[in-house]
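The following exercises are to be worked through with the sequence and the 3D structure at hand. Each task is followed by a solution in steps.

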Amino acid sequence: MKGRQHRIDILFPLMLYFVFAVAALSVVMLATGAYKNAVQNSSRNQEAGIALAYVSESIHRSDDGSDVHIGTLDGCDAIVIKKSEDFTGYIYFDNNALKELYVSPGLEPTRDMGTVVTELRDFEFEQVNSSLIRISCVDEDNHEVSTLVALRSR
């Protein structure tokens, strides 16, 4: 005997499917938003962190008996790396950019000669003691990071 079919027999599974589809779509949208935020935060932190890692590595690469100290370049504070008689390197902050410049002896360096490493909002450094330099920077999104660089040759 065939039973009578009611509208609810068709409507209930359809409504259940609709509720499931909306819930699944909501979960996917929330996960996508969370992933996007995580990627953006990671990218922001990497920009400032990469700048600090670059400066730290530049100092360590040349810190094998070279004279690494805080000095000036054309009236601008700079980390000065004097590599015997071969060259003098400068790492400095000018016009919202971290720049570097390596010059041979006999050349008179100016700030405009430097190569842009990355764009930053702020970059500061200070000689904490004879063997330690503190470096901090603020990226374009106002995220600040800092590090201490030990001069191994001292």
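A patch is made of residues with over 30% relative accessible area and no salt bridge, where like charges are joined within 9 Å and nonpolar side chains (Val, Leu, Ile, Met, Phe, Trp, Tyr) within 5 Å. Accessible areas come from the Shrake-Rupley method with a 1.4 Å probe, and for residues only the protein chains shown count as cover. The model is predicted: local features need pLDDT of at least 70, side-chain atom pairs count only at pLDDT 80 or more, and totals for chains, interfaces and linings use all residues. Residues are numbered from 1 along each chain as its sequence is written, and side-chain values use heavy atoms, with hydrogens and water left out.

**Exercise 1. Determine which residues form a nonpolar patch on the surface.**

Step 1. The patch consists of Ile-8, Leu-11, Phe-12, Leu-14, Met-15 and Leu-16. Together, these residues have about 640 Å² of accessible area.

Step 2. Leu-11 is located in helix H1, residues 7-62. Helices (H or I, at least four residues) and strands (E, at least two) are DSSP runs, numbered from the N terminus.

Step 3. Leu-11 has a relative accessible area of 45% and is therefore partly exposed. The classes are buried (under 20% relative accessible area), exposed (over 50%) and partly exposed (in between), with a 1.4 Å probe and protein chains only.

**Exercise 2. Identify the salt bridges of Asp-94 and state where the partners lie.**

Step 1. A salt bridge is a side-chain nitrogen of Lys or Arg within 4 Å of a carboxyl oxygen of Asp or Glu. The structure holds three of them.

Step 2. One salt bridge joins Asp-94 to Lys-99, with the closest N and O atoms 3.4 Å apart. Asp-94 is buried, because its relative accessibility is 7%. Lys-99 is likewise buried, at 9%.

Step 3. Asp-94 also meets Arg-111 in a salt bridge, at 3.4 Å from N to O. Asp-94 lies in strand E3 and Arg-111 in the loop between E4 and strand E5 (115-119), so this pair ties together parts 17 residues apart in sequence. Arg-111 is partly exposed, with 27% relative accessibility.

Step 4. Asp-94, Lys-99 and Arg-111 are thus linked in a network of salt bridges.

**Exercise 3. Which residues in the loop between E3 and E4 have a positive phi?**

Step 1. The loop between strand E3 (87-94) and strand E4 (97-103) contains Asn-95. Asn-96 is found there too.

Step 2. Phi is near 50° for Asn-95, a positive value in a residue other than glycine. For Asn-96, phi is near 60°, again positive in a residue other than glycine.

Step 3. Asn-95 is exposed, because its relative accessible area is 63%. Asn-96, at 43%, counts as partly exposed.

**Exercise 4. Describe the sheet that contains E7 and place Arg-134.**

Step 1. Three strands form an open antiparallel sheet in the order E6-E7-E8. Strand E6 (122-129) and strand E8 (144-150) are the edge strands, each pairing on one side only. Two strands pair if DSSP finds at least two bridges between them.

Step 2. Strand E7 (residues 132-138) pairs with E8 over seven bridges in the antiparallel sense. Arg-134 has Leu-148 of E8 as its bridge partner.

Step 3. Arg-134 forms a salt bridge with Glu-126, the closest N and O atoms being 3.5 Å apart. Arg-134 is partly exposed, at 35% relative accessible area, and Glu-126 is partly exposed, at 41%.
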